[in-house]
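Biologist: I should like to request a close look at a single part of this model. Please set it in the context of the chain.

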Amino acid sequence: MAKPEDPGEETTIIIGGVERQRRSGGDKHKGATLHVSSKAPLSSESSRIVPIDRHHFTIGRSSACNLVLDDQKTSRIHAQLVEVGGKHIAEDLGSVNGTFVDGKFIKKAVLESGNVIRIGDTELRYLS
């Protein structure tokens, strides 16, 4: 018998001075986080820690993404992290400015704890 899906918790985050509601839950991946620090001009973000709480975790400027970046060099839906066999894979989704892991341009890359993902002027340190 299938278990009912966990509706998760609703939290409010503030990005660029705008309140947004986020619901976490369902297909959580426990433990892995991103330490986000932006060097984007005019960005209201300084730094924060974000749990990677889904098997398919999208990153971009769009409010539909799991991690919304206030960075004009970031595409609306720029990249995703996909959990496969206990590891996360970073994948560029055809962005204009590319996705970099430890300074190298990638289309896909298996992440290890400590890797730095750069999207636009934003750095995301992956910690597992």
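How many of the 6 residues of strand β3 (residues 33-38) are buried, and why is the strand described as enclosed or open?

Modeller: This is a predicted model, in which local features need pLDDT of at least 70 and side-chain atom pairs count only at pLDDT 80 or more, while totals for chains, interfaces and linings use all residues. Residues are numbered from 1 along each chain as its sequence is written, and side-chain values use heavy atoms, with hydrogens and water left out.

In strand β3, 5 of the 6 residues are buried, so the strand is largely enclosed by the rest of the structure. Buried means under 20% relative accessible area, with a 1.4 Å probe and protein chains only. Strands are DSSP runs of E with at least two residues, numbered from the N terminus; helices are runs of H or I with at least four.

Strand β3 has two partners to consider, where pairing requires that DSSP finds at least two bridges between the strands. With strand β4 (residues 47-51), β3 runs antiparallel and shares 5 bridges; here threonine 33 stands opposite proline 51. With strand β13 (residues 122-127), β3 is also antiparallel and is joined by 6 bridges. Within that pairing, valine 36 has leucine 124 of β13 as its bridge partner.

As for the context, the chain contains 13 strands and 0 helices. Of its 128 residues, 44% are buried. A contact means heavy atoms within 4.5 Å; among contacts between residues at least 6 apart in sequence, 36% join residues at least 24 apart.

Definitions and conventions. Buried means under 20% relative accessible area, exposed over 50%, partly exposed in between (1.4 Å probe, protein chains only).
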